[in-house]
Amino acid sequence: MDSPKRPINNHEAYHAHVYFDESTLDTAKHLHQKIQQNFPLKLGRIHERPVGPQTMWSYQVLFFNADFDRFIPWLDEERKTLNVLVHASIGDDLADHTKHAYWLGDTVELDLRGF
């Protein structure tokens, strides 16, 4: 089995999707709060249900290449056991969630049928 692709900074804009479930909800909420306190990034709502192509509960963080080198190592350290999809935001949803998809932790299956 191939290892998940690690995030690389080669795009202008990104989304990070933090995944969790009922057993890791408190960890996810704590991370959400820490992101808000430490970074001036656009932080999405905490969804306690799958939304869009996400097959797990999640929230998203929008950020740019100027934020990448500080945010991604911090996020990797602070995420604990949570899995995070980091993908480019180039305007092609299918390519963003496949070709330009990177992972912190393990991969989470996505539902790409809507693309």
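**Notebook: sheet, helices and salt bridges**

**Entry 1. Strand 4 and strand 5.** I began with strand 4, residues 83-88, which pairs with strand 5 in the antiparallel sense over 4 bridges. The model I am reading is predicted. Across this pairing I found Leu85 opposite Trp103 of strand 5.

**Entry 2. The whole sheet.** I then asked in what order the strands form the sheet. The order is 2-3-1-4-5, in an open sheet of 5 strands with antiparallel pairing. The edges are strand 2 (42-43) and strand 5, and each of these pairs on one side only.

**Entry 3. The other pairings.** I went through the remaining neighbours by bridge count. Strand 1 and strand 3 are joined in the antiparallel sense over 8 bridges. In that pairing I noted Tyr14 standing opposite Phe63 of strand 3. Strand 1 also pairs with strand 4, again antiparallel, over 6 bridges. There Tyr19 has Asn83 of strand 4 opposite it. At the strand 2 edge, I found 2 bridges joining strand 2 to strand 3, and these two run antiparallel. Lys42 has Leu62 in strand 3 as its bridge partner.

**Entry 4. Strand 1.** Is strand 1 mostly covered or mostly open? I found it mostly covered, with 8 of its 8 residues buried. I checked the two faces separately. On one side are Ala13, His15, His17 and Tyr19, and on the other are Tyr14, Ala16, Val18 and Phe20; all of them are buried. The list puts two histidines, His15 and His17, among the buried residues. The two residues I had noted at bridges, Tyr14 and Tyr19, are on opposite sides of the strand.

**Entry 5. The helices.** Next I looked up which strands helix 1 lies across. Helix 1, residues 25-38, lies across strand 1 (13-20), strand 2 and strand 3 (57-64). It runs at about 20 degrees to strand 3. Helix 2, residues 65-78, also packs on the sheet, and it touches strand 1, strand 3, strand 4 and strand 5. The direction of helix 2 makes about 140 degrees with that of strand 3. I note that strand 1 and strand 3 appear in the list for helix 1 and also in the list for helix 2.

**Entry 6. Salt bridges.** How many salt bridges does a search of the whole structure find? The search gives 4. I wrote down three of these pairs.

The side chains of Asp76 and Arg6 form one of them, at 2.7 Å from N to O. Asp76 belongs to helix 2 and Arg6 to the segment before strand 1, so the pair ties together parts 70 residues apart in sequence. I looked up exposure for both partners. Asp76 is partly exposed at 23% relative accessibility, and Arg6 is partly exposed at 46%.

Lys34 and Glu78 form another, with their side chains meeting at 2.4 Å from N to O. Lys34 is in helix 1 and Glu78 in helix 2, so this pair links distant parts of the chain, 44 residues apart. Lys34 counts as partly exposed at 22% relative accessibility. Glu78 has a relative accessible area of 19% and is buried. The cut-off for buried is under 20%, which means that these two values fall on either side of it.

Asp76 has a further partner: its side chain meets that of Arg79 in a salt bridge of 2.9 Å from N to O. Arg79 counts as buried, at 12% relative accessibility. Through shared partners, Arg6, Asp76 and Arg79 are joined into one network.

**Entry 7. Lys80.** I looked at the backbone of Lys80, which lies in the loop between helix 2 and strand 4. Its phi is positive, about 55 degrees, although Lys80 is not a glycine. I noted this because most residues other than glycine have a negative phi. Is Lys80 buried or exposed? I found it exposed, with a relative accessible area of 56%.

**Entry 8. A surface patch.** Last, I asked which residues make the nonpolar surface patch of about 230 Å². They are Leu94, Leu112 and Phe115. Of these I followed up Leu112, which is found in the segment after strand 5 (101-104). Leu112 is partly exposed, with a relative accessible area of 30%.

Conventions
Residues numbered from 1 in each chain as written. Predicted model: local features only at pLDDT ≥ 70, side-chain atom pairs only at ≥ 80, totals over all residues. Heavy atoms only, no water. Patch = residues over 30% accessible without salt bridge, like charges linked within 9 Å, V, L, I, M, F, W, Y side chains within 5 Å. Areas by Shrake-Rupley, 256 points an atom, 1.4 Å probe, with all protein chains shown as cover. Buried < 20%, exposed > 50% of the residue type's maximum accessible area, 1.4 Å probe, protein only. Pairing = 2+ DSSP bridges. Contact = heavy atoms within 4.5 Å. Axes fitted to C-alpha atoms, helices over the stretch in contact; angles between N-to-C directions.
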